[in-house]
Amino acid sequence: MYDENNIFAKILRGEIPCNKIYEDQFVLAFKDINPQTKIHALVIPKGAYVDLDDFSKKAKNEEIEALVRAIGKVADILGIVESGFRCLTNKGHNGGQEVPHLHFHIFAGEKLGRMINR
Ligand code: AMP
């Protein structure tokens, strides 16, 4: 069940501001408010999807295509294609998801550590 009052839904409705990087018909990308790396961006669909599982089952092909292409566009805009980056999404309790609106994190700007730290 999608929570219309989650923080990213409020950003999409323009109720709270964001530091925008990229926007198109289906996607919004903005800087993470609490960056974990020198560059930390978030790429989200404009549609109401809780997580990647929800998106993969319900999103239209054009939404899926737009989201994947937007990740490439954001990487271009941020100038991190050559140096490299990490793109990940958290889903649910075990995934450590805090905001219940699908988002891809893009981490870059420095050498990243191990993929999983325990
Ligand atoms: P996750 O744990 O994968 O759900 O990640 C949620 C991310 O959203 C965290 O990295 C937060 O720092 C980020 N975040 C929370 N509120 C905001 C906001 N208002 N603007 C930008 N990023 C946010």
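Helices here are DSSP runs of H or I with at least four residues, and strands are runs of E with at least two. The model is predicted.

**Exercise 1. Overall build**

Task: Find how many helices and strands the protein has, and in which pattern they follow along the sequence.

Solution:
- Step 1. Count the elements. The secondary structure comes to 4 helices and 5 strands.
- Step 2. Read along the sequence. The pattern is α-β-β-β-α-α-β-α-β.
- Step 3. Check the compactness. The radius of gyration is 14 Å, close to the 13 Å that the globule rule gives for 118 residues, so the protein is as compact as a globular protein of that length.
- Step 4. Box the C-alpha atoms. Along the principal axes they fill roughly 35 × 35 × 30 Å.

**Exercise 2. Strand pairing**

Task: Work out how β2 pairs with β1 and with β3.

Solution:
- Step 1. Take β1 (residues 20–23) and β2 (residues 27–31). They pair in the antiparallel sense over 3 bridges.
- Step 2. Pick out one bridge. Glu23 has Leu28 of β2 as its partner.
- Step 3. Look at the connection. A hairpin of 3 residues joins β1 to β2.
- Step 4. Move to β3 (residues 39–45). β2 and β3 run antiparallel, joined by 5 bridges.
- Step 5. Pick out a bridge here too. Val27 has Pro45 of β3 as its partner.

**Exercise 3. Sheet and helix**

Task: Give the strand order of the sheet, name its edge strands, and say which helix packs on the sheet.

Solution:
- Step 1. Lay out the order. The 5 strands form an open sheet, β1-β2-β3-β5-β4, with antiparallel pairing.
- Step 2. Find the edges. β1 and β4 (85–88) each pair on one side only.
- Step 3. Get the turn between neighbours. Neighbouring strands are turned by 15 degrees against each other on average, direction ignored.
- Step 4. Add the helix. α3 (residues 61–78) packs on the sheet and touches β1, β2, β3, β4 and β5 (104–108). The direction of α3 makes about 155 degrees with that of β3.

**Exercise 4. The largest pocket**

Task: Describe the largest pocket by its space, its lining residues and the elements that supply them.

Solution:
- Step 1. Start with the space. The largest pocket holds about 720 Å³.
- Step 2. Locate the centre. Of the 31 lining residues, the closest to the centre are Asp32, His40, Leu42, His103 and His105.
- Step 3. Trace the lining to its elements. α1 (7–12), β2, β3, β4 and β5 each supply at least two residues.
- Step 4. Sort the lining by character. It divides into 16 nonpolar, 11 polar and 4 charged residues.

Technical notes:
Residues are numbered from 1 along each chain as its sequence is written. This is a predicted model: local features need pLDDT of at least 70, side-chain atom pairs count only at pLDDT 80 or more; totals for chains, interfaces and linings use all residues. Side-chain values use heavy atoms; hydrogens and water are left out. Two strands pair if DSSP finds at least two bridges between them. Axes are lines fitted to C-alpha atoms, for helices over the stretch in contact, and angles run from 0 to 180 degrees between N-to-C directions. Contact means heavy atoms within 4.5 Å. On a 1 Å grid over the protein atoms alone, a cavity is a set of points where a 1.4 Å probe fits but cannot get out, and a pocket is an open set with protein on both sides within 12 Å along at least five of seven lines; lining residues have an atom within 4 Å of a point. Grid points are joined across faces, edges and corners, and a volume is the space filled by probe spheres set on the points. Ala, Val, Leu, Ile, Met, Phe, Trp, Tyr, Cys and Pro count as nonpolar, Asp, Glu, Lys and Arg as charged, and the others, Gly among them, as polar. The radius of gyration is taken over C-alpha atoms; the globule rule is 2.2 Å times the number of residues to the power 0.38.
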